[in-house]
Amino acid sequence: MDTHQIMIFSGAILLIATFGIVTRRGFADWLGAYRYQSIVLAAVTALIAYVTGIWEIYIAAGLTLVIKSIIIPKVLLYVTRNLEIEFKVETNPYVSLRASVIISAFLVALSYFLTQQIPFKSDPIVSTYLPISIALFLIGLFVIVNRRSALNQVVGLLIIENGLFLFTLTLTHGVSLIIEMGIFADILVGIIISSILLLRISRTFDSLDVGKLQNLRDD
């Protein structure tokens, strides 16, 4: 198996991991699927580093593995450990799981269709991972729109961030290491703040259902 075939295979695994997030209902299951997606993303990043020969990307792969697959899930589980179980399970999404899979598959097909209009200049990294990065971004947006629980919507934001990270890495083949470290730190701080706010909301309003929280608006 040559390098290009390995890239195609790793991209397929990354999409499968993303579909695993879409088909989960419980927050802990979502985090487990997100952890698996982040591990695959770290492997993809290391593969891009190998193909391009840019050593800084190996550091980005290590940071992705440590921060996204270990630290962020642990932080979210720790901060939300005292939430009631009903806040952590999505029982009534706007779209059923079966329809969600179909819509996600359509978004993947749309991503590939859109990227076919862009000249790749025979760059195998761009041709392989650019449509996948766009698919991750679109699926993350769909997860946010489809889920009622504000807690589970955080995972949608994490999917979007993974898509944006892969998009940037694919097009630039690595940015400044200092910038990457700053981005990772910003993501970690944002997740901590979001988790604390969600915990406060659940205690104040006894719900994390977005539909119910919208009724609290003063029009």
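In this predicted model, the axes of helices H2 and H3 come within 7 Å and cross at roughly 175 degrees. That angle is over 145 degrees, so H2 is roughly antiparallel to H3. The residues that make the contact of H2 with H3 are of mixed character: 19 are nonpolar, five are polar and two are charged.

Helix H2, residues 27–52, also meets helix H5, residues 124–146. Here the axes come within 13 Å. They cross at roughly 160 degrees. H2 and H5 are therefore roughly antiparallel to each other. Their crossing is left-handed. On the H2 side, the contact is made by Trp 30, Gln 37, Val 44, Leu 47, Ile 48, Val 51 and Thr 52. H5 contributes Ile 125, Tyr 129, Leu 136 and Val 143. Nine residues of this contact are nonpolar and two are polar. No charged residue takes part in the contact of H2 with H5.

Charge does appear elsewhere in the model. Side chains of opposite charge can pair when their charged atoms come close. The structure holds one salt bridge. Its partners are Glu 161 and Lys 68, with the closest N and O atoms 2.7 Å apart. This pair links distant parts of the chain. Glu 161 lies in helix H6, which covers residues 150–172. Lys 68 lies in helix H3, which covers residues 55–79. The two residues are 93 residues apart.

Are the partners of the salt bridge buried or exposed? The cut-off for a buried residue is under 20% relative accessible area. Glu 161 has a relative accessibility of 14%, so Glu 161 counts as buried. Lys 68 has a relative accessibility of 0%, so Lys 68 counts as buried too.

A further buried position is found in helix H4, which spans residues 97–115. Ser 111 belongs to this helix. The relative accessibility of Ser 111 is 0%, and Ser 111 therefore counts as buried. Which residues does Ser 111 contact, leaving aside its neighbours within four places in sequence? The partners are Pro 131, Ile 134, Ala 135 and Leu 138. These four residues fall within the range of helix H5, residues 124–146.

Key. Residues numbered from 1 in each chain as written. Predicted model: local features only at pLDDT ≥ 70, side-chain atom pairs only at ≥ 80, totals over all residues. Heavy atoms only, no water. Buried < 20%, exposed > 50% of the residue type's maximum accessible area, 1.4 Å probe, protein only. Contact = heavy atoms within 4.5 Å. Salt bridge = Lys/Arg side-chain N within 4 Å of Asp/Glu carboxyl O. Axes fitted to C-alpha atoms, helices over the stretch in contact; angles between N-to-C directions. Parallel < 35°, antiparallel > 145°, perpendicular 65-115°, else oblique. Left-handed = near helix turned anticlockwise from the far one by under 90°. Nonpolar A, V, L, I, M, F, W, Y, C, P; charged D, E, K, R; others polar.
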